[in-house]
Amino acid sequence: MTPVLQAESVAKVYGSGQASVRAVDDVSFEIRPGEFVALVGPSGSGKTTMLAMLAGLLTPTEGSILIGGERLSQMSESRRTRFRRRSIGFAFQSNNLVPYLTARENVELMLRLNNRLNRQSKERAADLLARLGLDDRMGSYPSQLSGGQQQRVAIARALIHEPNLVLADEPTASLDTERAYQVVRTFAELIHEQQRAGIIVTHDLRMCRYVDRVISMMDGHVNRIIDDRVEIDALAAFSEESFSAQ
Amino acid sequence: MPLYLAIKEVLQNKGRFFLICLIVALITTLVLFIAALAEGLAAANKEYIENLTGELIVFQENVELSFPSSRIGRSTVNEIRRVKGVADVGQVSFASGALVFEQVSPEGVIIPTTATPQPPLDVTLVGVEPGRPGEPAVLSGASLGRSRSDGVIIDANVALRRGIQLGDMITIKTTQGTSEEFYELMVVGMADKLQFQFLPSIFIPYTTWEKVRPKANNSVETDELVSNVAVVKLADPSQWRQMALRLEEQVGKIEVVDRVTAYKASPGYAAQQSTLDTQRYFTLFIGILVIGGFFQIQTLQKVAQIGMLKAIGASNTVVVISAIAQIILVNCLGVLIGGLGSYLLQLSFPVEIPVIFTGRSVGTAIISLLLIGPISGLVSLRSLLKVEPLTALGLAQ
Ligand SMILES: Nc1ncnc2c1ncn2[C@@H]1O[C@H](COP(=O)(O)OP(=O)(O)OP(=O)(O)O)[C@@H](O)[C@H]1O
Ligand SMILES: [Mg+2]
């Protein structure tokens with residue numbers, strides 16, 4: 001299977017001269033359809049910067065990124081915007097939803113933007129929200145939803161338009177453990193079912209039990225890639241123990 | 001799509017947007033009343049001149065187009081009449097008097113002529129030649145030519161307000177030397193749009209006007225018919241520019257202008273109109289600042305949200321059109337509310353207040369009010385375009 005995403009020796013330098021920061025350095029990886037990957041690492045290790053480059057929001061200083069075989073750097077600005085709209089699903093850490101739209105309208109917004117809103121796709125939106133346990137919250141506005149409910153709406157929005165690549169930057173940061181597990185589990189299920197490629201950025205290694213691969217970053221470099229199921233589960237279990245030991 | 005976002009946001013924040021609508025409505029009311037007042041005051045000043053049946057007005061030379069100072073004699077008028085291209089010419093004079101609602105009996109007793117006593121009304125007495133330019137077209141009744149020498153045409157609004165009907169006798173009071181004299185005249189015709197320099201007019205045949213007009217002493221008799229101005233009707237009205245020059249050339253000691261130049265030269269007219277215009281434009285300017293400021297602040301408050309929309313793939317076009325559509329919607333709604341409000345308010349005004357809501361300045365005021373939205377929208381355009389989708393990831397540069 002051809003990879004959905006290829007990052008080839010990507011680097012990002014912020015600023016110039018003395019004050020320059022090499023936030024991402026020589027990062028390469030591939031992700032295939034149906035693969036759910038966690039990007040982990042300490043604060044400041046370059047995870048968000050990497051994600052922004054994968055979404056075409058930030059231009060790499062070196063290297064290149066290909067999505068579906070297409071080179072992001074060769075697209076025009078408006079082409080990149082259209083590309084994000086069609087082929088990428090986004091869930092952010094906060095400020096995810098449009099406050100004046102209901103949960104359902106927020107999910108449908110992605111379809112509207114893509115001119116794909118019809119009876120069928122509306123039904124899919126409702127089904128997806130129901131699947132995420134929000135069947136009785138579809139008409140609620142973001143201000144009437146809890147943090148976890150909002151994150152679940154955001155995940156529905158990231159998936160509804162059937163993007164090739166789904167990116168989530170710490171979607172569980174504001175959630176308690178139980179909620180976080182629930183959100184990430186459903187997220188993983190949907191990625192697997194729909195054969196999308198998903199990347200979730202997280203601080204919380206316990207969430208790794210739901211992913212297929214863990215890419216660990218440190219000071220801008222990839223310092224470790226774990227794709228063995230046993231190793232991943234061991235990592236998650238270890239981090240769970242150290243959490244409960246606290 | 002952009003309209004969907006614009007309308008959803010307005011509906012979800014009705015209170016906030018309604019307040020802005022109200023501000024637009026108040027600005028609209030203010031601007032409309034200033035415009036209507038400008039229109040009304042201008043009309044009070046120029047109505048009669050503007051609606052004259054002749055294209056050109058002949059003044060005496062070097063009087064700076066002042067109606068009271070100008071003197072045009074019969075011989076000059078005859079000379080004008082002989083100039084090629086002149087269809088007709090009429091002499092017109094102005095004097096002031098009062099329309100009173102009382103009579104003096106032969107014994108010298110003052111008796112009210114109406115059931116309830118009414119205060120006198122200041123009027124302009126306009127002396128015109130029956131059937132010649134200067135005499136207004138009547139709405140009802142007869143024109144002066146075919147009637148008696150004491151027949152007059154009065155302003156239909158005055159008649160309505162003071163309960164005067166066709167065929168009624170009215171009493172005019174003027175000052176003759178040191179005493180007040182009363183003249184009985186009969187209303188033979190009514191016309192509208194006849195105000196001249198803020199007073200309603202009464203049109204009197206020339207010979208009668210000579211007797212009625214106030215005089216310093218009772219005995220001045222001139223051998224020639226002298227008026228303030230002459231009104232010239234042209235065979236070809238489109239030739240008025242050339243005709244004005246030709247008249248000044250062929251007839252000596254006169255200054256010939258069109259109607260607009262004549263009323264614009266009347267004392268205070270230009271100053272008054274430019275004062276009102278300044279107020280109006282200033283109010284519009286304030287409107288643009290307030291509305292533009294509001295939407296600018298709103299844009300700055302929504303940076304995170306706009307960044308998110310851009311990150312998930314909303315184009316700049318969608319974001320900008322949505323914002324501009326909101327401004328225009330709020331603006332139109334405000335102008336509508338303000339316009340309706342002004343109209344209703346104006347209905348409760350007494351007729352004496354010179355506001356006219358149908359004139360051209362009111363029309364241009366509404367158009368300029370509707371432009372507040374789009375112009376204010378430009379204020380926040382830059383900030384809308386500047387929002388980086390990266391802010392959605394907390395990575396603003
Ligand atoms: N706009 C910028 N200008 C300069 N340096 C920046 C900028 N944005 C990020 N950096 C730096 O780049 C590095 C990587 O930042 P990034 O936000 O990608 O890290 P992160 O792994 O997402 O951290 P966190 O877990 O705290 O979100 C950090 O050292 C940060 O200070
Ligand atoms: Mg980050």
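B:Asp88 is buried, at 18% relative accessibility (buried means under 20% relative accessible area, exposed over 50%, and partly exposed in between, with a 1.4 Å probe and protein chains only). Its side chain meets that of B:Arg132 in a salt bridge, 3.1 Å from N to O (a side-chain nitrogen of Lys or Arg within 4 Å of a carboxyl oxygen of Asp or Glu). This is a predicted model, where local features need pLDDT of at least 70 and side-chain atom pairs count only at pLDDT 80 or more, while totals for chains, interfaces and linings use all residues. Residues are numbered from 1 along each chain as its sequence is written, chains are lettered from A and ligands numbered from 1 in the order in which they are written, and side-chain values use heavy atoms, with hydrogens and water left out.

**Salt bridges in chain B**

- The pair B:Arg132 and B:Asp88 meets at 3.1 Å, N to O, and it links distant parts of the chain, 44 residues apart: B:Arg132 sits in the loop between strand E5 (121-128) and strand E6 (140-141), B:Asp88 in strand E2 (residues 86-100).
- Helices (H or I, at least four residues) and strands (E, at least two) are DSSP runs, numbered from the N terminus.
- Unlike buried B:Asp88, B:Arg132 is partly exposed, at 28% relative accessible area.
- Both residues belong to a wider salt-bridge network that also takes in B:Arg74, B:Arg81 and B:Glu129.
- Elsewhere, B:Lys173 and B:Glu180 join their side chains in a salt bridge of 3.7 Å, N to O.
- B:Lys173 is partly exposed at 21%, and B:Glu180 is partly exposed at 48%.
- Over all chains, the count comes to 25 salt bridges.

**A salt bridge within a helix of chain A**

- A:Arg80 and A:Glu77 form a salt bridge at 3.6 Å, N to O.
- Both sit in helix H2 (residues 77-87) of chain A, three residues apart, which is about one turn of the helix.
- An α-helix has 3.6 residues a turn, so residues three or four places apart point the same way.
- The two ends have contrasting surroundings: A:Arg80 is buried at 13%, whereas A:Glu77 is exposed at 53%.

**The sheet of chain A**

- Four strands make an open sheet in the order E2-E1-E4-E5, with antiparallel pairing.
- Its edges are strand E2 (21-31) and strand E5 (70-71), each pairing on one side only.
- Two strands pair if DSSP finds at least two bridges between them.
- Strand E1 (residues 5-14) and strand E4 (residues 62-67) of chain A pair antiparallel over five bridges; among the residues facing each other are A:Glu8 with A:Ser64 and A:Ala7 with A:Ile65.
- E4(A) and E5(A) are joined by two antiparallel bridges, with A:Ile67 partnered by A:Glu70 in E5(A).
- These two strands form a hairpin with two residues between them, and A:Gly68 in the turn has a positive phi of about 60°.

**The helix on the sheet**

- Helix H1 (residues 47-54) of chain A packs on the sheet and touches E1, E2 and E4 of chain A (contact means heavy atoms within 4.5 Å).
- The direction of H1(A) makes about 120° with that of E1(A); axes are lines fitted to C-alpha atoms, for helices over the stretch in contact, and angles run from 0 to 180 degrees between N-to-C directions.
- H1(A) is mostly covered, with eight of its eight residues buried, including A:Met50, A:Leu51 and A:Lys47.
- After H1(A) comes A:Gly56, with a positive phi near 75°.
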